[in-house]
Every structure is written in structure tokens, then in C-alpha cells.
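Here's a quick walk through one model, with salt bridges, a cavity and a surface patch along the way. Have a look at it first.

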Amino acid sequence: MDYKPQVGVQSHREMGSLDDRSMHDLDDEHLNSPEMDAQKTRSTDSNEHVSLSGSLTAGSRKIIRNGVYKSIKTVVFSNKLNLLMPFGPLAILVHKMTSHNGWVFFLSLLGIAPLAERLGYATEQLAFFTGPTVGGLLNATFGNATELIISIYALKSGMIRVVQLSLLGSILSNMLLVLGCAFFCGGLVYHRKEQVFSKATAVVNSGLLLMAVMGLLFPAVLHYTHTERHAGKSELALSRFSSCVMLLAYAAYLVFQLKSQRDLYMRIDEEGSLNGENSDDDEAPEISKCESVIWLSIMTAWISILSDYLVDTIEGASEAWDVPIAFISVILLPIIGNAAEHASAIMFAMKDKLDISLGVAIGSSTQISMFGIPFCVVIGWMMGREMDLNFQLFETATLFITVIVVAFFLQEGTSNYFKGLMLILCYLIVAASFFVHKDPTSTDESKRPKT
């Protein structure tokens, strides 16, 4: 009686075990199916891809980090003049914490000096990738970018006289002080011979400077002879027309220099590359094209910030130091702004490369007189500021005499330390003249409310 139920239970257990085995077999077949194999393969590949992409991301981050570090080291830490860079943030800090305009102005000047030099460096690096034509245009634009940025901020503040005097001072500083120091130092190194430079290039630049003097002279003569057809309007109209003509002449000069007479301006560089001692100067760019553009933007923005503080405190610095605004604008601003040009012109002169020194000093003066001043007149026209080319009689006469003196020194195509000393002494006379000169126009502007 008990057998049948046991048999039934046993058979039921056997059936259950068979079902369990069949289910396990099905699971094993399902796990070992081609679909599961493919899924396993895909998951393995995805894991390998994630790990590979992670390693690539880490590697690319390391490359970018090393590139940024190398770029900062090349641009920021490769020049001793960059030790003055902290004075820029210090000027802003002093302006926020105190109201001493003299210190803010002085610290801003010191902070701008290395930025101006690094701006020229970034422009030179970018010129490696753009070719001679675009490189020449870049040098024309950024070569005196510091003076132009300061001038634009002064125009914005309605300080037209500061614009005129600072640009005039930059021309005088380059022609007398920078060129004089280059002639003097080069003459001391090569005192047993006369250094030579391209007379043709000097004559072309002297002609452009005389043209600039003519453009500044006629509005002043028209003003002081009271021969305007429309009082107060003819002088401004003549200045704007002359500025457009001067910009056209400078554009033609760039085409002449970079296209028509390229061999004339490249001859010295080719001769220099033949000498063993000069072959090291023709090197590859130190930073990439993208880095050059980024550093140009950074330096321009930082100069713009400091220029704003500089312009706002120039009148306070004049009162605090009891120094005329004309002296600050004509002498102090250009000396700091042209510090990099000072160093490069002297360095090339001591290497017996006077043509490059001449291009730095006289070429920069030509850029400011034929491009910078007319450009500011046109920008003022667009901003609604009535800036003209009437730099007043004293300033125009100073520029005219300076151009004549420098043209006489350049006509022979040779230099020595005595010529350099004469140019430096001429600059001391000009500086003393502006120290005792009272400019009524700048005094009136300082009393006028800013807009």
C-alpha cells in the first residue's frame, strides 16, 4: 500500500530532476550562444575603448599642460625686463587703496614697459608665419601699439593735447635719444672705424619725416596767421584731409618697401646671413602661430587696462610732482614706451648692424608721424573728437628742427660715437625746453570737465 505513493513520489522527483537538468542545459546553451559571445566581445571592446580614450585624454592633457608651461616660460621668464611686470597689478592695487595719483602713474609706466617689449616680441614671432608683406603690416600696426593704445584712451577722455604731445615725444625720443644711444654705443665698440648704413633707406625715411612736418606745419601756420576762410573749421578740415593723404602715402611706402624695392631693404639681411657671427640670428620661431595670436591678445588687453589708469592719473601726477603735463607727455611717456626699442637699437648697433638700428629708431618715427598721428586724427573724427594737426608753434618748430638735424647726420651714411653724443645732447636740450615750457592748451583741457 505504501509502495505506490513512494513510486509516485520517486517518479515525480525524477521528473523534477530531469526538468532541472533540462533548464540548466538550456541556460548553458543560452549562455554559450553566438549572441552572448558577440555581446561579451562588444562589452570587452567598449571597455578597452574607454580605457584607451582615457589614456589618450590624459596624454593630451599632459601635452597641453607642457605646451602652456613652455610658452609661459618662453614669453614671460626669458627676459629680465619682465621683472617689471608685477608693477602693473601693484598700480591697480595702489589706485584702489589710496588716491596718490603720482604713484599710480609711475607704477603704471613701469608695468607697461615690459608689456610693450613682449608685444613686439609676439609680433615678430607671428611674422615668421605670415610672410614679409603681412609681417610688415603687422610691424606697422603693433610696432607702436603702446603709444596708439594710450592715445586712444586719452582721446576717449577728451585729452587731445596729451595725444598730440605723447606722439610728438615718441618721434623726438626715437630720432634723438634712441638713435643717439645706438650711434654712441656702436661707435664706442667700433671706435677704430666708421660704421656704415644704407644711405638710400635713410634718405627715404628722412623724406617721409619732412612730409609729416609739412602736414603738421600748414595747420599751425593757418591758425597763427588767422587766414582761415571759415574760422574754426578750415583748420580741422585741412587736418583731416592731410591725415588721409599721409595714411595713403604711408600705405604706398609699405608697398614700395615690401614689393617694389624689396631687394634694397633685404640686402643688408642677406649680407648679414653670409657672416658667420650673424648666422645665429636667423632662427626658427620660438612659439607657434596660435600662441603668438593669444599672447598678442593678452598683452594688448593688459596694456589697455594699464593705459586707462595711466591716462586718468596723468594730471594728478603733474600736480603731485609739480611737473608740466607737456614734459610728462613729451619726455617721460616716450622714454618708458620706447624702452624696448632703446635696448634693441643699441644691441644691433653694438653688433655692427646699423641698418637694423636705423630701422628701429627712424622707422619707428616714420610710423608714428605718417601712420600714428593721422590715424589718431581719423579715430578722433569717428569718435566726435576734434583732434587736428595743429601741434602749436613751439612743438611744430621743435619737430622741424629735429628732423633737419637728424637728416644732416644721416646724409653721409656713416656714424660714430661723436654723432651719437651730439644727438643725445640735442635731446637733453629738447627735454629742458619742455620742462620750462608752459602749454596753455593742456592747462585749459585739465580744467575742462571730462565727458
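His-191 is exposed, with a relative accessible area of 51%; exposed means over 50%, buried under 20%, and partly exposed in between (1.4 Å probe, protein chains only). You'll find His-191 in the loop between H6 and strand E1 (195-196). In space, its C-alpha sits 7.3 Å from that of Asn-416, although 225 residues separate the two in sequence.

A word on the ground rules: this is a predicted model, so local features need pLDDT of at least 70 and side-chain atom pairs pLDDT 80 or more, while totals for chains, interfaces and linings use all residues. Numbering runs from 1 along each chain as its sequence is written, and side-chain values use heavy atoms, leaving out hydrogens and water. Helices (H or I, at least four residues) and strands (E, at least two) are DSSP runs, numbered from the N terminus.

On to the salt bridges, of which the structure holds five. The term covers a side-chain nitrogen of Lys or Arg within 4 Å of a carboxyl oxygen of Asp or Glu. Here are some of them:

| Pair | N to O distance | Separation in sequence |
|---|---|---|
| Arg-161 and Glu-395 | 3.0 Å | 234 residues |
| Arg-161 and Asp-439 | 2.6 Å | 278 residues |
| Lys-193 and Asp-352 | 2.8 Å | 159 residues |

Arg-161, in helix H6, ties this part of the chain to Glu-395 in helix H14 (residues 393-410). Arg-161, Glu-395 and Asp-439 are linked in a network of salt bridges. Arg-161 and Glu-395 are both buried, and so is Asp-439. By contrast, Lys-193 is partly exposed at 42%, as is Asp-352 at 28%.

What about the inside? There are three cavities of 30 Å³ or more, a cavity being a set of points on a 1 Å grid over the protein atoms alone where a 1.4 Å probe fits but cannot get out. The largest has a volume of about 100 Å³, the volume being the space filled by probe spheres set on the points. Its lining residues (an atom within 4 Å of a point) include Leu-109, Glu-147, Ser-170 and Pro-334. Helices H4 (101-142), H5 (145-156), H6 (160-189) and H11 (325-337) each give two or more residues to that lining.

Back outside, Leu-188, Tyr-417, Phe-418, Leu-421, Leu-425 and Leu-428 make a nonpolar surface patch of about 560 Å². Patch residues have over 30% relative accessible area and no salt bridge, with nonpolar side chains joined within 5 Å. Helix H15 (residues 417-435) gives the most, with five residues. Leu-421, found in H15, is partly exposed at 31%.

Key:
Patch = residues over 30% accessible without salt bridge, like charges linked within 9 Å, V, L, I, M, F, W, Y side chains within 5 Å. Areas by Shrake-Rupley, 256 points an atom, 1.4 Å probe, with all protein chains shown as cover. 1 Å grid on protein atoms, 1.4 Å probe; cavity = no way out; pocket = protein on both sides within 12 Å on 5 of 7 lines; lining within 4 Å.
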